[in-house]
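Trainee: I would like to go through the terms used for this model and see what each one rests on. Could you take me through them?

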Amino acid sequence: MSHLKMWDIMARSEEGPYCEDDEFLYDLFLPKMAEVVSKYDIKFDPAKPVPDDDDLADRIWQAAVEFFLAVGVHNVDTHRRIVITEAELNEALFLAPEVHQVGAGHETRWWMPRKVEDKRGPFCIFSPDITYDEDILLQASMAYVQEPLADGVCGPILEESIGRNITSGTPSEMAGVMEHAMLLRNAVKLVGRPGLFLVAVGTAQSDTGQVAVSNNEWGVRSTDGRLIGVLTEMKTDNELLNKVAHCKQFGCAIGCLTGAIYGGYAGGAEGTAVLEVAHHLVGLTVYQHNFNNSFPFHMQHTSNSGREMLWLVSLVQQALSRNSRILSTSNGFFNAGPGTEMIFREASAHAIASVVSGGDLWTAAPRHNKYRNYATPLEARLACETGHAVARQGMTRAVACGIVDTLLKKYEGQIAEAPEGKPFQECYEVMRVRPQGWYLDMYKAAKEELSQLGVEFPY
Amino acid sequence: MTTVEQLVQAVQDGKAPQAAELAGRAVEEGADAGAVVDSLGAAMRAVGDRFGTGEIFLPELMLAARAMQKAMEVLQPALLASASVAAKLGVIVVGTVKGDVHEIGKDIAITMLRASGFEVYDLGRDVNALDFVRRAEELGADIIGASALMTTTMPAQKELVDTLVAKGLRDKYHVILGGAPVTAEWVAEAGADSWGEDAAKSAKLLEQAMADKRAGAGR
């Protein structure tokens, strides 16, 4: 815990250098990003989707630090830049905890930062990242919660409450977020994991919605976590800072949610990698987070399983692991839908690239993270089993690179027109909360394919 | 290389000060302002196409758009003085709906639409449905574009359409919806006219919509 406190951030948010949107983008962000990418000689190599160049990872870190210190974070409500000094950043990095405690009771987890090629398995958060129909939300949540490798769950999101659309900032959101929190709490009890670390609730977009569900009896507990986003790119607003102030007081874990956009303001893979690392520094200092959810994604495909994306996902995790104790869950966004061979290949490639690079896992969002009911825990199960396997066998980045390259060659030609797959209700026996036999067979075949490629599953 | 060719190059390279200077020089040399604008429009469409295919990224697109804007500021007086004022494709008001603070998708769409020749008014983020309608009325808009990045803010897109219906204005505007979670099915459910699947497709789709509107009006 650094000397930088929430009230320092509030003060800088109101008294920092005045800066309008265009000035921030054109005079600060764009030129500084171009400068650091060039200065630190960061270049994408498509032949190495999982690079093993330590110096490159460290240069990305250095570029991100320089960029972050120069640009700061723009509060779009106050038009002020929140600027952090080098000494403050170094203090926050020095004081970052060796371990974070999350969850409760038998489900308590001691979450520690991983190193590159670490033999300790990843911390795994199972999450579909999409909305589900209200009438199957409990069963869908139970399906995720029951996964044995889940150290935490970010449950399915509600789009309707008592049959009515949930609209952010309205009473329907208040009703919906409370219903969502109650259903999740029921799900963990029914599965017999009442203390499981929940990152919740995704239905609450507004600050008031997040405050409404903080309740240690029926809602989101102080042993759970919340996500607070950084706006695109390097921006925040008062509503997000309200959430930070509330979570700090309530005592739950803060997860900083960051998704640098490939093809966006940061440009290609190089700038996007630098930006995503810089986003983690925003989390560490401005949001004073406990962990980061990292989901850099491709602007056109809204996924991060392509070759350029895995390159930058891997390097972001390596840069962080080699230079900090920041916890980062690498969040998989995929092109194919559930019930397809492609989704298993995407999920496992992303898991391998992330885990050998020192990252933890937050997985899996199929079908561009877009379509209701199109996600199941089975894709996440394979990703997390693969992540644990490659860590346990001590897989090097060089070996991982070969496996990921082989997987990529099997699916990268289909990224633009990926198969849609099937919704949860067709992939699972909903009421019995278990995968359909055909889908289990497909999962087993995917696991066998990975075994043939060199992944040594313990079971 | 002629001055106009240099100007086109400066715009494509995103060099705003040079673009402004070269636009001024082109006017001094007696270039036809309308023809210069046509050349710049074609250049920006090419830049937009390269962005659409992933050949270039957003910084290049935005810097080119900014250079184009600077050149247009210089060309505007000459353009107004000449008889060759190019017809605008249409007037669009664009914003991110109430409760939603995400702007990048909207900003890309605005850049592409301006590059295509639309007159675009950016209403910003967290825009109330009624404010969309009021601004569209004030500005004489043809099209209303509403972006949402969250499933819980998508209902505000439907609220916009419902507000137009309630005010008896639904047929006056083409309503296009965009944003990551938005699908063609949602556009139909919300009662909007078209789906802004991505910025490049939106620009082409709206050009066609305006052409259809003009044809329908007998123009």
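Mentor: Happily; we will set each term against its definition.

Mentor: This is a predicted model, in which local features need pLDDT of at least 70, side-chain atom pairs count only at pLDDT 80 or more, and totals for chains, interfaces and linings use all residues. Residues are numbered from 1 along each chain as its sequence is written, while chains are lettered from A and ligands numbered from 1 in the order in which they are written.

Trainee: What makes strand E19 of chain A mostly covered?

Mentor: A residue is buried if 20 or more other C-beta atoms lie within 10 Å of its own, exposed if 12 or fewer, and partly exposed in between, with C-beta atoms placed from the backbone. In E19(A), residues 360-365, six of the six residues are buried, so the description fits the definition.

Trainee: Why is E19(A) said to pair with strand E18 of chain A?

Mentor: Two strands pair if DSSP finds at least two bridges between them. E18(A), residues 328-333, has four bridges to E19(A), and the two run parallel, so they pair. For instance, A:Phe333 has A:Ala365 as its bridge partner.

Trainee: What joins strand E5 of chain A to E19(A)?

Mentor: Three bridges do, again in parallel, from E5(A), residues 124-126. There, A:Ile125 is partnered with A:Trp362. As for the names, helices (H or I, at least four residues) and strands (E, at least two) are DSSP runs, numbered from the N terminus.

Trainee: Why is the crossover from E18(A) to E19(A) called right-handed?

Mentor: The chain passes through helix H11, residues 341-355, between these strands of chain A, making a β-α-β crossover. The word right-handed means that, with the strands pointing away from the viewer, the path from the first strand over the helix to the second runs clockwise. This crossover is right-handed, so its path runs clockwise in that view.

Trainee: How do you know which strands are at the edges of the sheet in chain B?

Mentor: Five strands form an open sheet there, in the order E2-E1-E3-E4-E5, with parallel pairing. Strands E2 (119-127) and E5 (194-196) of chain B each pair on one side only, and these are the edge strands.

Trainee: What counts as contact between chains B and A?

Mentor: Two residues are in contact if their C-beta atoms, placed from the backbone, lie within 7 Å. By that rule, 18 residues of chain B touch 26 residues of chain A. Helix H4 of chain B gives the most to chain B's side, with three residues.
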